[in-house]
Amino acid sequence: MITCVVEYVIDAAQTEAFERFGRRWMELVDRHGGTHHGYFLPSEGASDKALALFSFPSLAAYEEYRSLFGHDPEFIAADRIRDESGCVLRYERTFMRPVLPTS
């Protein structure tokens, strides 16, 4: 399993648009073989940082999902929320492997 951690710098004035953007991507990740663990928005402190975490069974499964970017109409529409609102100023993607409790 790989987990993608996306660190965002967001426009705090566009938080509602960022939430719409996040909800769409949660649906798309789950529909295309991943498990979305949610978007995490500021509660206190710095108001321009947000996180998203989602997992895929393998890097190959993630790459299959990524192949839809720029081609699938639903992916294009989800990105349009970000692009038209300006809610995301920049982001950085990191891949992690979880250490999970053993049974």
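## Exercises on a predicted single-chain model

The mean positions of the 11 positive and 16 negative charges of the chain lie 2 Å apart; Lys and Arg count as positive and Asp and Glu as negative, with His and the chain ends not counted, and each charge is placed at NZ of Lys, CZ of Arg, CG of Asp or CD of Glu. The model is predicted, so that local features need pLDDT of at least 70 and side-chain atom pairs count only at pLDDT 80 or more, while totals for chains, interfaces and linings use all residues. Residues are numbered from 1 along each chain as its sequence is written, and side-chain values use heavy atoms, leaving out hydrogens and water.

### Exercise 1. Overall dimensions and surface

Determine whether the radius of gyration of the chain agrees or disagrees with that of a compact globule, and describe the surface.

*Solution.*
- Step 1. The rule for a globule is 2.2 Å times the number of residues to the power 0.38, and the radius is taken over C-alpha atoms.
- Step 2. For 103 residues the rule gives a value near 13 Å; the chain has 14 Å, which therefore agrees.
- Step 3. Along the principal axes, the C-alpha atoms fill a box of roughly 40 × 35 × 20 Å.
- Step 4. The exposed area is about 6,400 Å², of which carbon and sulfur atoms supply 52%; areas come from the Shrake-Rupley method with a 1.4 Å probe, and for residues only the protein chains shown count as cover.
- Step 5. Of the 103 residues, 33% are buried (under 20% relative accessible area; exposed is over 50%, partly exposed in between, with a 1.4 Å probe and protein chains only).

### Exercise 2. Order of elements and strand pairing

State the order of the secondary-structure elements and identify the strands that pair with β1.

*Solution.*
- Step 1. The chain has three helices and four strands; these are DSSP runs numbered from the N terminus, helices being H or I of at least four residues and strands E of at least two.
- Step 2. Read from the N terminus, the order is β-α-β-β-α-α-β.
- Step 3. Strand β1 (residues 2-10) is mostly covered, with eight of its nine residues buried.
- Step 4. Eight bridges connect β1 with β3 (residues 49-56) in antiparallel fashion, where pairing requires at least two DSSP bridges between two strands. Val9 has Lys49 as its bridge partner in β3.
- Step 5. β1 also pairs with β4 (residues 88-96), again antiparallel and over eight bridges; here Cys4 is bridged to Phe95.

### Exercise 3. Contacts of three residues

Classify Met26, Asp79 and Glu92 by accessibility, and list their contacts beyond four places in sequence.

*Solution.*
- Step 1. Met26, in helix α1 (residues 15-31), is partly exposed because its relative accessible area is 26%. Its contacts (heavy atoms within 4.5 Å) are His36, Gly38 and Tyr39. The C-alpha atoms of Met26 and Gly38 are 7.0 Å apart, with the two residues twelve apart along the chain.
- Step 2. Asp79 belongs to helix α3 (residues 73-85) and has 16% relative accessibility, so Asp79 counts as buried. Phe21, Trp25 and Phe69 touch Asp79.
- Step 3. Glu92 lies in strand β4 and is partly exposed at 49%. Glu92 contacts Val5, Val6 and Glu7; from Glu7 the sequence separation is 85 residues, yet the C-alpha distance is 5.3 Å.
- Step 4. For the chain as a whole, 70% of the contacts between residues at least 6 apart in sequence join residues at least 24 apart.
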